[in-house]
Amino acid sequence: MNRLFLYIAFGFLFLTFADMGISRRETPLLGLTLAMAGEGAKSIQTTNTEPCKPTPPDALGPFYTPNAPERTSVGKGHILSGVVRTSVDCSPIAGARIECWLTGPDGKYDDDHRATMFADKEGAYKFESNFPPPYSGRPSHIHMKITAKGFRTLVTQYYPDMGKTEGEFDLVLIPVD
Ligand SMILES: [Fe+2]
C-alpha cells in the first residue's frame, strides 16, 4: 500500500475525530493515531505551495462562551504572545479577533478566565494569565478562537510546557475560498 494512501486515510480519521469534538490529546490511543496523521500531514505539507503552515485546529471543548470581556490579562504566571498571519504569504493580519479561555488556578473554567482581544497593526497579540493547571487527565492548555474577515475561523489550543512562564504561538489562518 503506498504511503500517500496511508496519509490520506489518517488525515480522514483526524477530521472525523475533530468533528466529534475529541481533542487531539484526549487519549493516548487517539494521540498515537493522530500523531501518525500529523506525520502524514507534515509529509503532504512539504509538497504543497503554502509558505506558511496553517495552525492545526483543535477541539472547541464544552466550556466556550461567546462575548468574553475585552482584556489582555486574566491573571499572572504565564505570558503568551505571537502573531496572527495568513497562510498565503505569512504576512500579519491586523485587527484579528482572538478569544481565549482557560482554567483558573483552581482547575475550573469560569468567566474570570475568558478574554477577547485584537491583534495590533503588526498582527501581534499578548495574553497574560495564570498557568492553566491540567484537569481530567488533559495536559495544560489554553483554548483559542481566532476570527478575521476573509479568513476561515480557527479554533485551536495552545499547550504550554510545564513550568514555563512565557510562550510563543503564531496563529496562521487560511483565507476563505
Ligand atoms: Fe479545556
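**Notebook: contacts, then the four-stranded sheet**

I started with contacts: of those in the protein with a separation of 6 or more, 70% are between residues 24 or more positions apart. Note to self: this is a predicted model.

Next I checked burial. Buried residues come to 28% of the 177 in the protein.

Then I went through the elements. I count two helices and eight strands. Reading from the N terminus, the order is α-α-β-β-β-β-β-β-β-β, with both helices ahead of the strands.

Which strands make up the open sheet, and in what order? I get four strands, ordered 3-2-5-6, with antiparallel pairing. Strand 3 and strand 6 (154–158) sit at the edges; each has a single partner strand, so one side of each has no neighbour in the sheet. I also looked at the twist: ignoring direction, neighbouring strands here are turned by 20° against each other on average. Background reminder: strands of a sheet pair through backbone hydrogen bonds, parallel or antiparallel.

I zoomed in on strand 2 (residues 97–103) and strand 3 (residues 109–118). They run antiparallel, and six bridges join them. Who sits across from whom? Arginine 97 has phenylalanine 118 in strand 3 as its bridge partner. Cysteine 100 stands opposite alanine 115, also in strand 3.

Last stop was the turn. Which residue in the hairpin of strand 2 and strand 3 takes a positive phi? I found glycine 107, with phi near 80°. The hairpin has five residues between the strands.

Methods. Residues numbered from 1 in each chain as written. Predicted model: local features only at pLDDT ≥ 70, side-chain atom pairs only at ≥ 80, totals over all residues. Pairing = 2+ DSSP bridges. Axes fitted to C-alpha atoms, helices over the stretch in contact; angles between N-to-C directions. Buried ≥ 20, exposed ≤ 12 C-beta atoms within 10 Å, placed from the backbone. Contact = placed C-beta atoms within 7 Å.
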